[in-house]
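Trainee: Please choose a single part of this entry and look closely at its backbone, loop by loop. I would like one connected account rather than a list.

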Amino acid sequence: LLTFAPVAAIYWWHEGRPSTLMLQHLAIALPLTYLADRWLLPLVVARVAGAGLAPGTYPLYGLTHLRVWTVEKAMTLSPMNNLAGSAFAADYLRAAGATIGSGCHFGTSHLPVPSLVTLGAGSTVGYASHLQGYSIRDGSLHLGRVVLDDGATVAGQAVLVGPCRLGAGSFLGAQSALRAGQDTGPGEVWEGSPARRMPGIG
């Protein structure tokens, strides 16, 4: 709807009569509309709907659930699929409400609620990993912060469900799952689903 509203307005303004001027107007409107829909709108929605979301347990289909759902849908419209792994990913996620330190590498687009994610300086998130700040279990919505301390690393295709924390310099292996309530100590190596500390490593 938002994408085609400017096009409809231009056609209405020109009374449906094709002309060079109409093409010029369309050539200007379409790129601007794309930028607004795919880049700016998700940021505004994530900032407004995600502001003040606090860890805790909430009823399903209540106002908090609606806000989380709205933010997640907005982030699916965002350009994170294209930005993931680039130098611009961290900046875009900061604008969306995530707390991200300097020198971070963010290689995934799977971050449904940015305001519930904190990445320390020098931390790394691998390809296609999920940083899930919410879960639905036992008939309730549970919100929790996903925290990576300085220098922590998440390998590819891992899943972290908040509340959880990777300690400074710790490592979560590929295709591993850190469940809600799990915290790793500094420098530890965890692997598996559910993740467990690897003895004798870290």
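Mentor: Strands here are DSSP runs of E with at least two residues, numbered from the N terminus. This is a predicted model, in which local features need pLDDT of at least 70, side-chain atom pairs count only at pLDDT 80 or more, and totals for chains, interfaces and linings use all residues. Residues are numbered from 1 along each chain as its sequence is written, and side-chain values use heavy atoms, with hydrogens and water left out.

Aspartate 138 sits in the loop between strand S7 (134-137) and strand S8 (140-143), and its phi is positive, about 55°, although it is not a glycine. With 74% relative accessibility, aspartate 138 is exposed (over 50%; buried means under 20%, partly exposed in between, with a 1.4 Å probe and protein chains only). Alanine 128, in the loop between strand S5 (124-125) and S6, likewise has a positive phi, near 60°, but at 16% relative accessibility alanine 128 counts as buried. Most residues other than glycine have a negative phi, and most peptide bonds are trans.

The loop before S6 leads into an open sheet of three strands, ordered S6-S11-S14 with parallel pairing (two strands pair if DSSP finds at least two bridges between them). Strand S6 (130-132) and strand S14 (177-178) are the edges, each pairing on one side only, while three bridges join S6 to strand S11 (residues 159-161), where leucine 131 stands opposite leucine 160. In the loop between S11 and strand S12 (164-166) lies proline 163, which is joined to glycine 162 by a cis peptide bond with omega about 5°.

How values were computed. Helices (H or I, at least four residues) and strands (E, at least two) are DSSP runs, numbered from the N terminus.
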